[in-house]
Amino acid sequence: MSEKEKEKPIEEKEQPSVEAGEIAKKDEEIRNLVDRLKRLQAEFENYKRRTSKELESLAERISDRTILEFLPLYDNLQRAFESYASDKNVEGFVAGVERIFAQFTQLLEQKGVTKIEAVGKKFDPALHEALLSVESEEEKNTIIEEFSAGYIREGRVLSPSRVTVSKGPARVKEEGEG
């Protein structure tokens, strides 16, 4: 072994020589992977934008369909008021409004909407919103008054019933109490 070989660290002697071509090949492979990643990233951003626009469009179409279902009710109500304004026939007006109410009820039923039962039922915070709690002859946590009706559709609460709940009978103060 020559003196120069002895002076070289052991690591350099044992390390295989790497050809410049292999390094260039690896660099090219890295560039290709980075370019591919950038393209995929751009495609994904375009996909997110396109999906967002499609969801907005779908929401608009659903809203339009719902409005179209209610327009006949609006038109009938408008005709009822116009008819009343022209001939002042109260009975005819009331009969027309009753028919419109029946149409409205039918439309809600077709949509699977049902009214939440409240008065006389036990208070359920999942279905009812207590606005007042008062002493009454009714059992504690019994609904005694409904301020506004609540509605359910397919097991989901659309709007809770707004109610008054009983605290139970009033306690009579005994003579010894303050």
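**Sheets, core and pocket of a predicted model**

Strand 1 and strand 4, the latter spanning residues 151-153, are joined by 3 bridges and pair in the antiparallel sense. Within this pairing, Lys115 has Tyr151 of strand 4 as its bridge partner. The model in which this arrangement appears is a predicted one. Both strands belong to an open sheet of 3 strands with the order 1-4-5, in which the pairing is antiparallel. The edges of this sheet are formed by strand 1 and by strand 5 (156-159), each of which pairs on one side only, and the twist from one strand to the next averages 35°. Strands of a sheet pair through backbone hydrogen bonds, in either a parallel or an antiparallel sense.

At the level of the whole chain, the protein comprises 4 helices and 6 strands, and the order of these elements from the N terminus is α-α-α-α-β-β-β-β-β-β. Of the 178 residues of the protein chain, 12% count as buried. Among the contacts in the protein chain with a separation of 6 or more, 58% are accounted for by residues 24 or more positions apart.

A second open sheet, again of 3 strands, has the order 2-6-3 and mixed pairing. Its edge strands are strand 2 (128-135) and strand 3 (143-148), each pairing on one side only, and neighbouring strands of the sheet are turned against each other by 25° on average when direction is ignored. The mixed character of the sheet can be followed through the two pairings of strand 6. Strand 2 pairs with strand 6 (residues 161-168) in the parallel sense over 7 bridges, and along this pairing Ser133 has Val165 as its bridge partner in strand 6, while Glu135 is matched with Gly168 of strand 6. Strand 3, by contrast, runs antiparallel to strand 6 and is joined to it by 4 bridges, with Glu146 standing opposite Val163 in strand 6. Strand 6 is mostly covered, 6 of its 8 residues being buried.

Two residues in the loops of the strand region have backbone angles that merit mention. Most residues other than glycine have a negative phi. Asn141, in the loop between strand 2 and strand 3, has a positive phi near 70° although the residue is not glycine. With a relative accessibility of 37%, Asn141 counts as partly exposed, because partly exposed residues fall between the limits of 20% and 50% relative accessible area. Glu154 lies in the loop between strand 4 and strand 5, and its phi, near 50°, is likewise positive in a residue other than glycine. Glu154 has a relative accessible area of 57% and is therefore exposed, the threshold for that class being over 50%.

In the helical part of the chain, the largest nonpolar core consists of 5 residues, namely Leu73, Ala80, Phe93, Ile100 and Leu107. Helix 3 (20-87) and helix 4 (90-110) each supply at least two residues of this core, and the largest share, 3 residues, comes from helix 4. The surroundings of one core member, Ile100, can be described in more detail: when residues up to four places away in sequence are not counted, Ile100 touches Leu73, Asn76, Leu77 and Ala80. Ala102 is also found in helix 4, and at 44% relative accessibility Ala102 counts as partly exposed. Although Ala102 and Leu73 are 29 residues apart along the chain, their C-alpha atoms are separated by 10.0 Å.

Helix 4 contributes not only to the core but also to the lining of the largest pocket, to which it gives the most, with 5 residues. This pocket has a volume of about 150 Å³, and its lining is made up of Phe101, Phe104, Thr105, Leu108, Glu109, Val113, Thr114, Lys115 and Tyr151. The elements giving two or more residues to the lining are helix 4 and strand 1 (113-115). Lys115 and Tyr151, both of which line the pocket, are the bridge partners described above for strand 1 and strand 4.

Conventions: Residues are numbered from 1 along each chain as its sequence is written. This is a predicted model: local features need pLDDT of at least 70, side-chain atom pairs count only at pLDDT 80 or more; totals for chains, interfaces and linings use all residues. Side-chain values use heavy atoms; hydrogens and water are left out. A nonpolar core is a set of buried Ala, Val, Leu, Ile, Met, Phe, Trp, Tyr and Cys residues joined through side-chain atoms within 4.5 Å. Buried means under 20% relative accessible area, exposed over 50%, partly exposed in between (1.4 Å probe, protein chains only). Contact means heavy atoms within 4.5 Å. Two strands pair if DSSP finds at least two bridges between them. Axes are lines fitted to C-alpha atoms, for helices over the stretch in contact, and angles run from 0 to 180 degrees between N-to-C directions. On a 1 Å grid over the protein atoms alone, a cavity is a set of points where a 1.4 Å probe fits but cannot get out, and a pocket is an open set with protein on both sides within 12 Å along at least five of seven lines; lining residues have an atom within 4 Å of a point. Grid points are joined across faces, edges and corners, and a volume is the space filled by probe spheres set on the points.
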